[in-house]
Amino acid sequence: MSDPVYSVLVINRDVGVAEDFSRALLGLPVAVLRACDRAEGINFYHEFLPHMVLLDSELDNGEGPLQDLFTGDSALEVVLLTNRWTEVGALAAVARGASDLLAKPLDPSKVQQLVSGLIAQAETRRHTQELDNELLEAYQFQGMVGRSPRMLEVFARVRRVAPLFQTVLVTGPTGTGKELIARALHNLSPRSREKFVVCNCSALTETLLESQLFGHVKGAFTGATQDRAGLFEHAHLGTLFLDEIGELSLAAQAKLLRILQSQELQRVGSPLTIKVDVHVIAATNRNVRELAARGQFREDLFYRLSMIEIQLPPLADRKEDLPLLQRYFLQHFSTKYNKKLNGISRRTQILLARHSWPGNVRELENVIGNACIMAQGKVVVDTDLPEAIRVQVVRPEKGAGSLTLEEVQSRHLEYVLKLVDGNKARAAELLGVSRATIYGMLARRIRHVDQKDNLSA
Ligand SMILES: Nc1ncnc2c1ncn2[C@@H]1O[C@H](COP(=O)(O)OP(=O)(O)OP(=O)(O)O)[C@@H](O)[C@H]1O
Ligand SMILES: [Mg+2]
């Protein structure tokens, strides 16, 4: 027999059933584990992360719905074990998210057929995941991922600019990856073996910032007890990354311009000129063009810096990148937190796609990071997301005040169905209900319209 690749957790009091189940699967690559009650079932589920749970419906009664815990994990197949197989019972189980129903005593051929089918499905899913991972590798660039036309253009520009630049301006809203781009420019430049020095221009007061950038001599200001070199001197022959350049004072801007033009600087309080050879990457999330027009940023410096500009688009303008970024962060955090996460449920993906991402990639990184901490199964599910993303506000329509609850539900269903191109399975996932509920609502709506038609006829 080949190595077990598919694991099943049987939760049931009667050991004979688990034995019958294992016997029926002889020859298939399946490992069967048995839990004899609810508590053990839940423990084993968290500990062993099985592919399938065979849950005795007798154990699902009473203290809260056990099935709902499992069906929340979309990577898990839940099969219910009952005393009697009926179509109505099977439909009800499926409506609650179960994959299927098996009757006691177990029929070996039915068990084989069911489990083989589930193994084949799991295999297809694994294959799709492998393809996704290959795609992820193909679209990585210097620690960044992106496949949208705008990001591919950015990456191409970085490749072209890196061997040649002296100064570059990187612009874009917060969290779009400006620092990563700056590092990529340095890494791909002929100076990659030299230093990459970072200065955050918004973090210090005006005097301290000047002294930090250009250095100072003893006695230049109170507290300057000895001569000190600044970051420009430290970055000599390498690259200096000036983050938040929009925060630089006008006086410091004048000094910076001089360095860019003549490669010369004077430490604060010193008349001596020091030669430096530094490439500069400046970044900002402010509109420097506008600041320059308002006199808050030197125009000559702006023109000098913006000769080569790399603009990063907000995440909302490149939603094609979302699936890749999600997978990238999922891999990153599951390794970091030592969890065996291998996917994000479809409903979660839909919610992520609908969010507007004002904090851009950093926000997505945080959301996926937290979700990975929260996740209990193999898959990140919607309840692992923060509430702001989970509960998306539905704007009340005009005249909604006079609608009955059922009419509001029906209109919302219509709206969601449009959103997913009429796909009822996706609509069910998005609304957090079963497919059967969707069909029920649609049937009621048709009856409702028929009744109205009859009345008006
Ligand atoms: N394309 C990308 N692929 C992978 N990770 C990314 C990408 N873009 C940004 N990140 C990640 O998002 C976070 C924010 O990126 P970064 O610090 O470069 O943004 P920023 O534009 O400098 O933001 P701010 O203006 O707030 O300083 C970082 O953790 C970075 O690793
Ligand atoms: Mg930054």
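Reader: How far does a backbone N or O atom of threonine 176 lie from an oxygen atom of ligand 1, and what makes this a polar contact?

Author: The distance is 3.3 Å. A polar contact is a pair of N or O atoms within 3.5 Å; within protein, one atom must be able to donate a hydrogen and the other to accept it, and residues adjacent in sequence count only if both atoms are side-chain atoms. The pair at threonine 176 is therefore a polar contact. This is a predicted model, in which local features need pLDDT of at least 70 and side-chain atom pairs count only at pLDDT 80 or more, while totals for chains, interfaces and linings use all residues. Residues are numbered from 1 along each chain as its sequence is written, chains are lettered from A and ligands are numbered from 1 in the order in which they are written, and side-chain values use heavy atoms, with hydrogens and water left out.

Reader: Which polar side-chain atom lies 2.5 Å from an oxygen atom of ligand 1?

Author: That atom belongs to glutamate 365. A polar backbone atom of leucine 180 is also 3.3 Å from an oxygen atom of the ligand. Taken alone, ligand 1 exposes 640 Å², of which the protein buries 86%; such areas come from the Shrake-Rupley method with a 1.4 Å probe, and for residues only the protein chains shown count as cover.

Reader: How many residues surround ligand 1?

Author: There are 18, the closest being Thr174, Gly175, Lys178, Arg362 and Glu365. A residue is included if one of its heavy atoms lies within 4 Å of the molecule.

Reader: What is asparagine 285 in contact with, apart from its neighbours within four places in sequence?

Author: Contact means heavy atoms within 4.5 Å, and by that rule asparagine 285 touches Gly172, Pro173, Thr174, Lys178 and Glu244. Asparagine 285 sits in the loop between β13 (279–284) and α11 (288–293); helices (H or I, at least four residues) and strands (E, at least two) are DSSP runs, numbered from the N terminus. Its C-alpha is 5.8 Å from that of threonine 171, although 114 residues separate the two in sequence.

Reader: Why is asparagine 285 called neither buried nor exposed, but partly exposed?

Author: Buried means under 20% relative accessible area, exposed over 50%, and partly exposed in between (1.4 Å probe, protein chains only). Asparagine 285 has 36%, so it falls in the middle class. Threonine 167, in strand β8 (residues 167–171), has 7% and is therefore buried. Setting aside neighbours within four places, threonine 167 is in contact with Leu260, Val280, Arg304 and Ile308.

Reader: How do you know that cysteine 201 and cysteine 199 are not bonded?

Author: A disulfide is a covalent bond between the sulfur atoms of two cysteines. The rule asks for a pair of cysteine sulfur atoms within 2.5 Å. The sulfur of cysteine 201 has its closest cysteine sulfur in cysteine 199, at 4.5 Å, so the pair is too far apart for a bond. The structure holds zero disulfides. Cysteine 201 is buried at 2% relative accessible area, and cysteine 372 is buried at 0%.

Reader: What makes the aromatic pair of phenylalanine 214 and phenylalanine 232 stacked?

Author: Rings of Phe, Tyr and Trp (its six-membered ring) pair if their centres lie within 6.5 Å; planes under 30 degrees apart count as stacked, over 60 as edge-to-face and the rest as tilted. Seven aromatic pairs meet this rule. Here the centres are 5.9 Å apart and the planes 10 degrees apart, so this pair is stacked. Phenylalanine 214 belongs to helix α8 (residues 206–214) and phenylalanine 232 to helix α9 (residues 231–234), so the pair ties together parts that are 18 residues apart in sequence. Both phenylalanine 214 and phenylalanine 232 are buried.

Reader: What is the phi of glutamine 263, and where does this residue lie?

Author: Most residues other than glycine have a negative phi, and most peptide bonds are trans. Glutamine 263 has a positive phi of about 55 degrees and lies in the loop between α10 (250–262) and β11 (264–265). Tryptophan 357 also has a positive phi, near 55 degrees, and is placed in the loop between α14 (346–354) and α15 (360–374). Glutamine 263 counts as buried at 18%, and tryptophan 357 at 1%.

Reader: Which residues does a cis peptide bond join?

Author: The bond joins lysine 104 and proline 105, with omega at about -10 degrees. Proline 105 is in the loop between β5 (100–103) and α5 (108–138).
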